[in-house]
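I opened the model to look up the surroundings of the ligand, one helix packing and the strand pairings. My entries follow in the order in which I made them.

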Amino acid sequence: MDTGAENPAPVRTGLRPPSKIIMPSSPSRQGGLKDMSDAAVNARGTMAPPLGPVKHKLAALPEPPSKRSTMADRATEPLNSKLPAPPNSRPVGAATKKMAANGTRGFASSANGAPRSNLTRPASASSFSGSASVGYNSKVASGNHFGRNKAFAGHGRSKSQYYNPRSASSMTDRDEDPRPERQVFDTESRMESMEREFAAFKQKMEGEASQASGLKETIKILQSRVSELEALRTQLTALNEELKSDLKDAKSYMASANMELEKARRDHTFEVDDLRRKYRSEMEDMQDRYRKEADRTKRDNEEAAEKVRKDFETQIDKLLKMHSEELAEMEKRLRKEVEEERSRRMRETLELQTEYKMKLQNAGLEADTKEREILNVKGELTNVQAELDRERTLKTGLQAQLTEATTLNLTLEASNKAMKEKINFLESDSQAQSQAFNDLHRRMQEAIEAAELANEKLRQEETLRRKLHNQVQELKGNIRVMCRVRPPSEAESEPAKITFPDADTDSKEVAVQGPETKSALGNVTTSTYSYSFDRVFGPKSQNAEVFEEISQLVQSALDGYNVCIFCYGQTGSGKTYTMSSDDGMIPRATAQIYAEATRLEEKGWKYKMEGNFVEVYNETYNDLLGRSEDLDKKKLEVRHDMAKKQTTLENAVSVELDSPNRVEEILKTASKNRSVAATKANMRSSRSHSVFILRLVGVNHITGERSEGTLNLVDLAGSERLDHSKAEGARLKETQNINKSLSCLGDVINALGSAKESAHIPYRNSKLTYLLQYSLGGNSKTLMFVMVSPLQAHLQETITSLKFATKVHNTHIGTAKKQTRA
Ligand SMILES: Nc1ncnc2c1ncn2[C@@H]1O[C@H](COP(=O)(O)OP(=O)(O)OP(=O)(O)O)[C@@H](O)[C@H]1O
């Protein structure tokens, strides 16, 4: 029998492999969840036993009975257990087998509420028709039926097609059978057969009924399975929800973790930045320390080296001294020793000679005595002879001694000679040295004399240079006028039409296009005004270039002339920039004077340089180098020494210019005082004249020459016209005073240029001209800068300034005189 109960193993569940279902405790694995839900869907859809594989993976689910049979098995269980096996129950068995084989599909149909009729249809229909048709020939039919149904289960269609025609033909044959006994027998047997068939049919029907009830039970079981699965699905849904919330939690945890991570990263970055900054500052500190340390070490090393060098030199000096002393000592000792040795040797030689002579005399006497004794005593001849031999031997010995002494004497004489030669050599060396020293001394004297001559020549040339310089200055004229047009600033627009026709050649001309004028006929015309001066500086010119032009005048002040350099022009035209800016004329002039005075020192000149910085405001003098609180309060007096033609400022602070940096201090103090004053009366610097006075007194200690010169650098107040400025009150008074002093300056220059020598020059008419009395006129060199604004708005003032400057330029002042005193 091939029932499902006998063959449960090969039933296909339709579930996916359980390994794909993940543990529910792992909420992050959504794939696993998906697999699981697929499995659940499959379980619902196919009715295959889903819990087998799932239960082991889903720990949260209730554990089903361990050896649970599959859905198909249980579906067939009632049939197999309750139905007796009818003789021809194969269709049902086949159907059941088929259902078991296609269990998933059949269950799916019932689960979907649309049961398929093929569950029962083939069994009843085929078996019924089969038994009905096969009943006439039960053996054959029975056998064929069995075989047919078996075949039907496997290849139903082909077998039934083949069998049905044969059944029909046999029926036809039996109806037409002509044999009666056989017919009775057939009828009885037929009846028997029919009864059997009926009984079988009945049995079969009972089987069907019990099968139907089995199926109902199966349905119930299946329904209970469905509800179980529903519960399972609910559990899974809950689990899914739980997992989703876990996932959500995990996501929020991840987000917060990310935030914390980000915060930690930021903190870390800050910490790293802090550390980096700290490290950098530490590095800088270390570098600084290292640099200082290195400097200190270098200094120490240099000091040590210097010390070592000095020690070394001292030691060398000491050694040299010791050496020369030792040499002298040795020489003395040697001489003494040589002397002593010589006298000792002489003494010894004399002694030896005396001794020898004595011995010789004694020997002679003895020989005489012996000879006398020989003569007298002949008997004693042998003894005397022996004594004589002895005496002869002695004589030989003495002679050998004499030879030796003579040799020694010769050796001593040779060494004495060598010593003498050495002494002579030493004596001759010191003579050569003193000879060389004398030569050197002589040559030095000659060189000094030559230098003296050269210096003398230089002094003569310096005097000549000064004379020539002055002649050149005279040729250039004692009053010179130069014009400077400043560049417009970035904020300034509408420039005036100012041109420089000879900028590429002489740079002496400036042309200004005047304002438009309307004729009576309504014609608009503009005229161009040309002016020429000693030099014109365009907007691109630098202070260095301007100073080059005036440096010769500065030199004249050192040479003993009074020099006055003015800056004239309206407010904002660049006077202060030219005169007192960091690289303006005042710092440059003082630097040149200081350098030149230092250079002249080698020619015997010694200069004393003293500076004052005063302001003329509202026709009163103010000391710009005094205390700022004294400004406008302290009375400053100007005194003139008519005889010496000198001006002194009483109560003013004088600063000695003993270093080039002093001028910087002077300018700073002056500027501070002016700015303090500016809070009292606005625009003070524009409304007052400032005068920097530098007195230069030089004495030549070689030639006895003396020179006294003064350099005046004047920054005049703005030259606005009264009608144009529309000033009132204090401002009106300022403007009136400025105009008065400027017109007085014009008057003085005019008088100097036109009048005879004896004519009156109106210095006293203004405080400014009074202060500059001895720096304007016959004994002075004057340079006026007319400063020009480049703006169209200032055109009228520009033309007025240029006209005034032209007037001054046309003035001829008498020859300057150098102030020298014997
Ligand atoms: N040659 C120049 N090059 C560049 N800038 C200049 C030049 N001349 C003047 N200036 C600038 O123009 C402005 C006015 O100049 P400055 O103050 O010297 O005029 P000023 O005639 O002295 O005026 P005030 O009469 O009010 O003192 C300043 O800002 C100055 O720096």
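**Ligand shell.** I asked which helix gives the most to the shell around the ligand. I found that helix α11, residues 575-580, does so, with three residues. The model is a predicted one, and I read each entry with that in mind. I then listed the surroundings and obtained 14 residues around the ligand. The closest are Arg486, Gly574, Thr576, Tyr577 and Ser686. I sorted the shell by class and recorded nine polar, three nonpolar and two charged residues.

**Helices α10 and α12.** I next examined α10 (residues 543-558) against α12 (residues 585-600). Their axes come within 10 Å and cross at roughly 50°. I noted α10 as oblique to α12 because an angle of this value is neither under 35 degrees nor in the range of 65 to 115. The crossing in which α10 passes α12 is right-handed. From α10, I entered Phe547, Ile550, Ser551, Val554, Gln555 and Leu558 as the residues that make the contact. From α12, I entered Met585, Arg588, Ala589, Gln592, Ile593, Glu596 and Ala597. By class, the residues of this contact divide into eight nonpolar, three polar and two charged.

**Three-stranded sheet.** I traced an open sheet of three strands and wrote down its order as β2-β3-β4, with antiparallel pairing. Which strands form the edges? I identified β2 (498-499) and β4 (524-532), each of which pairs on one side only. Between β2 and β3 (residues 509-518) I recorded two bridges in the antiparallel sense. Isoleucine 498 has valine 512 of β3 standing opposite. I also looked for a helix over this sheet and found α17, residues 795-809, lying across β3 and β4. Helix α17 runs at about 130° to β3.

**Hairpin of β7 and β8.** I turned last to β7 (residues 605-617) and β8 (residues 620-623), which pair in the antiparallel sense over four bridges. For valine 616, I noted tyrosine 621 in β8 as the bridge partner. How many residues lie between the two strands of the hairpin? I found two residues between β7 and β8. In the turn, asparagine 618 has a positive phi of about 50°.

Conventions: Residues are numbered from 1 along each chain as its sequence is written. This is a predicted model: local features need pLDDT of at least 70, side-chain atom pairs count only at pLDDT 80 or more; totals for chains, interfaces and linings use all residues. A residue is near a molecule or strand if its C-beta atom, placed from the backbone, lies within 6 Å of it. Ala, Val, Leu, Ile, Met, Phe, Trp, Tyr, Cys and Pro count as nonpolar, Asp, Glu, Lys and Arg as charged, and the others, Gly among them, as polar. Axes are lines fitted to C-alpha atoms, for helices over the stretch in contact, and angles run from 0 to 180 degrees between N-to-C directions. Angles under 35 degrees count as roughly parallel, over 145 as roughly antiparallel, 65 to 115 as roughly perpendicular and the rest as oblique. A crossing is left-handed if the near helix is turned anticlockwise from the far one by less than a right angle, and right-handed if clockwise. Two residues are in contact if their C-beta atoms, placed from the backbone, lie within 7 Å. Two strands pair if DSSP finds at least two bridges between them.
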